[in-house]
Amino acid sequence: MNGRRIGADLAVVYRTYTRNPIALFFSLIFPIILIGLFGLIFSTIGTGTTTLYVVNDDHGSPTSVAFLSALNNTTVVKVATVNVSAASFGAWLGDHDDPVGLVIPDGFGANYSAGHPVNVTVYTDPQDAASSGEVLGAVNGVVSQFNLEAACHGGTCTPVVGVLTSQVGSPSYSTIDYLIPGLIGFSILTSPMFSLVDISSTYRKEGIFRELSLTPLTRGEWLSARIVWYVLLTFVSAAIVIGFGAGVFSAHVKLNLGLVPFLVVGPFFFVSLGMLCGSVSKTPETAALIGNVLTFPMMFLSGTFFTVSSFPPGLQTVAHLLPLYYVIDGMNQVMLFSNTTRALTDLAIVLVASVVTFLLAVRLFRWRDE
Amino acid sequence: MPTAIEVRGLTKQYGELVAVGGIDFEVPAGTVFAFLGPNGAGKTTTVEILEGLRRRTGGTVSILGLDPWTDGASLRRRVGVLPQEFRFFDKITAREAIEYYRTLFGTSVDPAELLARVELLDKAEARFDTLSGGQKQKLGLALALTNDPEICFLDEPTTGLDPHARRALWGVIRNLRSSGRTVFLTTHYLEEAELLADRVAILHRGRIIASGTPAEIVRSHGRPARLSVEAAPALAPLLVRDLGVSARAADGRVEVELADRHDALRVLAAIDRSGIPWDSFSTEVDTLEDVFVRLVGRMDEGTLKAEAPA
């Protein structure tokens, strides 16, 4: 590896890129358009039965059991009782793909029987407005039924049970906050993939790789220059998306250094993957096909625009096989939930995938004929 | 004179197809060698093997004492290559391209000076995708010279160039030769080979069918000199009968083969004596192109065998 040669090649990439307005548009402006677009579409996604995680601090009192049984009977939710403290429940939900939950407080049954007001707390997922709405509807329905049965004496009904809501992550987060890591992930995926798949196959077809093979530039240096370029571009793109989200939509994203590794490893992976697609294909057409087959599922199934937890279980399994899922999930953990352990796990997965893909790409990438 | 390029028993097969069928030649350092042949003869395959771009099937190749396939890394600093139909990054200017190669090779060549050498200085700031075909070839040549190479491989460098640009490129090749560089040239243009090359090899279907200096090839494969006279066809049988020469009539002219220079005088005297009216006359000798066309034609008819490998 020679830094001067990588630098010289980087200058060529920079000029090629900045002199091509369409490439620049797709990398930097397109995600901004998508923020607005998908913000609108967001609430229309329906789901089936949602798992509702429940912390029952009333220690299995008959009233609480009846309450949960009534919830199950709505068929909108499926109750799953978990053994977590109410204080850490929000963070616990953040680690799960289906972050909707309910806390039944200590003394729920006793207060209910005595006619003293008592509140249950519903945790909703702002990233998944549809299932959150359904869960809230189901809980409110059951609460109304309980209030009717318990508290109507002499024609006057005083509600006993109330519903508090809390959002997973932070109560003040909105849809736009969850879209930002997704859209940064979208940029990390699409800019290098589309570009590398294209140039790796057309440069070979046009003989440009053969010409470069006659210079001291190595394949590793060539690929490294592209990685450096797309890392830089990702930083600019992330800054624009975050700036636009915060400035126009008042997004509350936490900017911290934990984001940086994802902005480096993400492009590293997708430059290598794009190169690999081009290297294993005989023609630019085949390369584009392989590239699209890999890119499009990732574009929609990795948590870019739609939360993975809103998918049917089979599709969720597919999502967990996609490297971009871990990039976006990691950025979510860093920017919204401050869950370092999970972010590090995500980072480790992407890093291993990147190193393997990079080595494979350098090995299979031929710039002269055997 | 040391040998720059030495090729022995070189073969290249693609499955059943034999692209290069066992060829031998050597190129002394500081000379211009032209590789000629019809389309599909195996010229580009051969030159790409010499450049290290293609792996050979058999035989040995030595470029400056090195194997181009396995010693590519050290060789590429010492050779320059202009591929057929040179392509480069569309949005990069000619000057930037030279600066890029200069950094890759770690040399200190002046882009303006190099572009002036190939007569492209006026296009220094033009992006590659705005250059004409000939200008692209010139840039390719400039890039091939960025590392001041000991050997230049030029694969059909003048194809698509206008006559003026072609002459400019000939000048560059002559300068390379006079500064002690070796030039390996493939070309369709026979007069180019005749003008520039010290030695020539004619390739046909993967085999060398003639090699040597252009003059040697014309001498050994060309027809004898001919005297062509504008006269009635009846003159031909008369000359055959009176002088015992080979003569034939076609297109209002009579063509007589001359065994040596003195034959010309005898034939002219006989024509004058015959009383048959005649007008202009000229002598004709084969050019390398005539020889090439005849050799390739005879190969295709199967009446000529390739030179046996040494």
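Q: In which hand does α13(A) pass α14(A)?
A: Happily, this one has a short answer: the crossing of α13(A) with α14(A) is left-handed. Please keep in mind that we are reading a predicted model.

Q: At what angle do the axes of those two helices of chain A cross?
A: Helix α13 covers residues 323-337 of chain A and helix α14 covers residues 340-364 of chain A; their axes come within 8 Å and cross at roughly 150 degrees. An angle over 145 degrees counts as roughly antiparallel. That makes α13(A) roughly antiparallel to α14(A).

Q: Which residues make the contact between α13(A) and α14(A)?
A: You can pick them out one helix at a time. On α13(A), look for A:Pro323, A:Tyr326, A:Val327, A:Asp329, A:Gly330, A:Gln333 and A:Val334. On α14(A), look for A:Arg342, A:Ala343, A:Asp346, A:Leu347, A:Ile349, A:Val350 and A:Ala353. By class, the contact of α13(A) with α14(A) has 9 nonpolar, 2 polar and 3 charged residues.

Q: Let us try a pair in chain B. At what angle do α8(B) and α11(B) pack?
A: Helix α8 (residues 214-221) of chain B packs against helix α11 (residues 288-301) of chain B at about 50 degrees, and their axes are 9 Å apart. The two helices are therefore oblique to each other. Here too you can name the hand: α8(B) passes α11(B) in a left-handed crossing.

Q: Which residues meet in α8(B) and α11(B)?
A: From α8(B) come B:Pro214, B:Ile217, B:Val218 and B:His221, and they meet B:Leu288, B:Val291 and B:Leu295 of α11(B). This contact divides into 6 nonpolar residues, 1 polar and no charged.

Q: Now for sheets. What is the strand order in the open sheet of 5 strands in chain A?
A: A sheet is read strand by strand across its width. In chain A the order is β2-β1-β3-β4-β7, and the pairing is mixed. The edges are β2 (77-81) and β7 (161-167) of chain A; each has a single partner strand, so one side of each is left without a neighbour in the sheet. Ignoring direction, neighbouring strands of this sheet are turned by 25 degrees against each other on average.

Q: How many bridges pair β4(A) with β7(A)?
A: There are 7 bridges, and strand β4 (residues 118-124) of chain A pairs with β7(A) in the parallel sense. To find your place, look for A:Val118, which stands opposite A:Val161 in β7(A).

Q: Which strands does helix α3 of chain A lie across?
A: Helix α3 (residues 62-73) of chain A lies across β1 (50-56), β2 and β3 (101-104) of chain A, and runs at about 145 degrees to β2(A).

Q: And what is the order in the open sheet of 3 strands in chain B?
A: The order is β2-β1-β4 in chain B, with antiparallel pairing. At its edges are β2 (17-28) and β4 (58-63) of chain B, each pairing on one side only. From one strand to the next, the twist averages 15 degrees. Strand β1 (residues 3-14) of chain B is joined to β2(B) by 9 bridges, and B:Tyr14 stands opposite B:Leu17 in β2(B). Helix α1 (residues 43-51) of chain B lies across β1, β2 and β4 of chain B, at about 120 degrees to β1(B).

Q: Finally, how many residues does each chain bring to the contact between the chains?
A: Chain B gives 19 residues and chain A gives 21. On the side of chain B, the largest share, 6 residues, belongs to helix α3 (residues 94-105) of chain B. That side has 10 nonpolar, 1 polar and 8 charged residues.

Methods: Residues are numbered from 1 along each chain as its sequence is written. Chains are lettered from A and ligands numbered from 1 in the order in which they are written. This is a predicted model: local features need pLDDT of at least 70, side-chain atom pairs count only at pLDDT 80 or more; totals for chains, interfaces and linings use all residues. Axes are lines fitted to C-alpha atoms, for helices over the stretch in contact, and angles run from 0 to 180 degrees between N-to-C directions. Helices (H or I, at least four residues) and strands (E, at least two) are DSSP runs, numbered from the N terminus. Angles under 35 degrees count as roughly parallel, over 145 as roughly antiparallel, 65 to 115 as roughly perpendicular and the rest as oblique. A crossing is left-handed if the near helix is turned anticlockwise from the far one by less than a right angle, and right-handed if clockwise. Two residues are in contact if their C-beta atoms, placed from the backbone, lie within 7 Å. Ala, Val, Leu, Ile, Met, Phe, Trp, Tyr, Cys and Pro count as nonpolar, Asp, Glu, Lys and Arg as charged, and the others, Gly among them, as polar. Two strands pair if DSSP finds at least two bridges between them.
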